[in-house]
Amino acid sequence: AYCKDETILGAEFYLMEFVQGRIFVDPRMTSIGSKEERKEAFKDALRVMANIHNVPWWLIGLEKHGGRASGKDKTNPTYIERQLQRLLQITSKQSQ
């Protein structure tokens, strides 16, 4: 549930339900039993990412989020450049 009332915590916040799941510290997901199970987990992750990227962001209020640079201006990277940079940061942290 989204709460705009900044008097509660000092900022707007979003309260979510806990969902049971696994956290993979090793990006190779070696804690998953078999190679076939890892393959299915990666395929599922790609399916979820594809579904997220099929959401029409301009219809859900995200049209002003992020920049729309051509990529030539390195001070204002493109969406893909920002996403890859962030993904590499997360992967690096997870593998430590």
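Lysine 93 is exposed, with a relative accessible area of 61%. This residue has its place in helix α3. In this predicted model, the C-alpha atom of lysine 93 is separated by 8.7 Å from that of valine 25, although the two residues are 68 apart along the chain. Lysine 93 counts as exposed because its 61% is over the 50% cut-off.

The overall layout gives a frame for this pair. The protein chain has three helices and two strands. Followed along the sequence, these elements come in the pattern β-α-β-α-α. Strand β2 covers 13–14, helix α2 covers 35–53, and helix α3 covers 79–94. Of contacts between residues at least 6 apart in sequence, 18% join residues at least 24 apart.

Burial can be described for the chain as a whole. The protein chain has 96 residues, and 6% of them count as buried. Its accessible surface comes to about 8900 Å². Carbon and sulfur atoms account for 60% of that surface.

One residue that does count as buried is methionine 29, at 10% relative accessibility. The label applies because 10% is under the 20% limit. Methionine 29 sits in the loop between β2 and α2. Its backbone also deserves a look: methionine 29 has a positive phi of about 55°, although it is not a glycine.

Next come the charged side chains. Side chains of opposite charge can pair when their charged atoms come close. In this model the count comes to three salt bridges, with a nitrogen-to-oxygen cut-off of 4 Å.

One of them joins arginine 28 and aspartate 26, whose side chains meet at 2.7 Å, N to O. The partners fall into separate accessibility classes: arginine 28 is exposed, with a relative accessible area of 57%, whereas aspartate 26 counts as partly exposed at 21%. The value for aspartate 26 is 21%, so the residue is not classed as buried, a label that requires a value under 20%.

Another salt bridge belongs to helix α2, where glutamate 40 and lysine 43 both lie. Their side chains meet at 3.6 Å, N to O. The two residues are three apart, about one turn of the helix. Glutamate 40 counts as partly exposed at 39% relative accessibility, and lysine 43 counts as partly exposed at 46%.

Helix α2 also holds arginine 47 and aspartate 44, and because these are three residues apart there, about one helical turn separates them. The side chains of arginine 47 and aspartate 44 meet in a salt bridge of 2.7 Å, N to O. Arginine 47 is partly exposed, with a relative accessible area of 45%. Aspartate 44 is partly exposed as well, with a relative accessible area of 37%.

The remaining feature is nonpolar. Val55, Trp57, Trp58, Leu59, Ile60 and Leu62 make a nonpolar surface patch of about 610 Å². Leucine 59, one of the residues in this patch, is found in the loop between α2 and α3. Leucine 59 counts as exposed because its relative accessibility is 63%, over the 50% threshold.

Taken along the chain, the features can be located in order. Aspartate 26 and arginine 28 form a salt bridge, and methionine 29 lies in the loop between β2 and α2. Helix α2 contains the pair glutamate 40 and lysine 43 and the pair aspartate 44 and arginine 47. The loop between α2 and α3 contains leucine 59. Helix α3 contains lysine 93, whose C-alpha atom is 8.7 Å from that of valine 25.

Notes:
Residues are numbered from 1 along each chain as its sequence is written. This is a predicted model: local features need pLDDT of at least 70, side-chain atom pairs count only at pLDDT 80 or more; totals for chains, interfaces and linings use all residues. Side-chain values use heavy atoms; hydrogens and water are left out. Helices (H or I, at least four residues) and strands (E, at least two) are DSSP runs, numbered from the N terminus. Buried means under 20% relative accessible area, exposed over 50%, partly exposed in between (1.4 Å probe, protein chains only). Contact means heavy atoms within 4.5 Å. Accessible areas come from the Shrake-Rupley method with a 1.4 Å probe; for residues, only the protein chains shown count as cover. Patches are made of residues with over 30% relative accessible area and no salt bridge: like charges are joined within 9 Å, nonpolar side chains (Val, Leu, Ile, Met, Phe, Trp, Tyr) within 5 Å.
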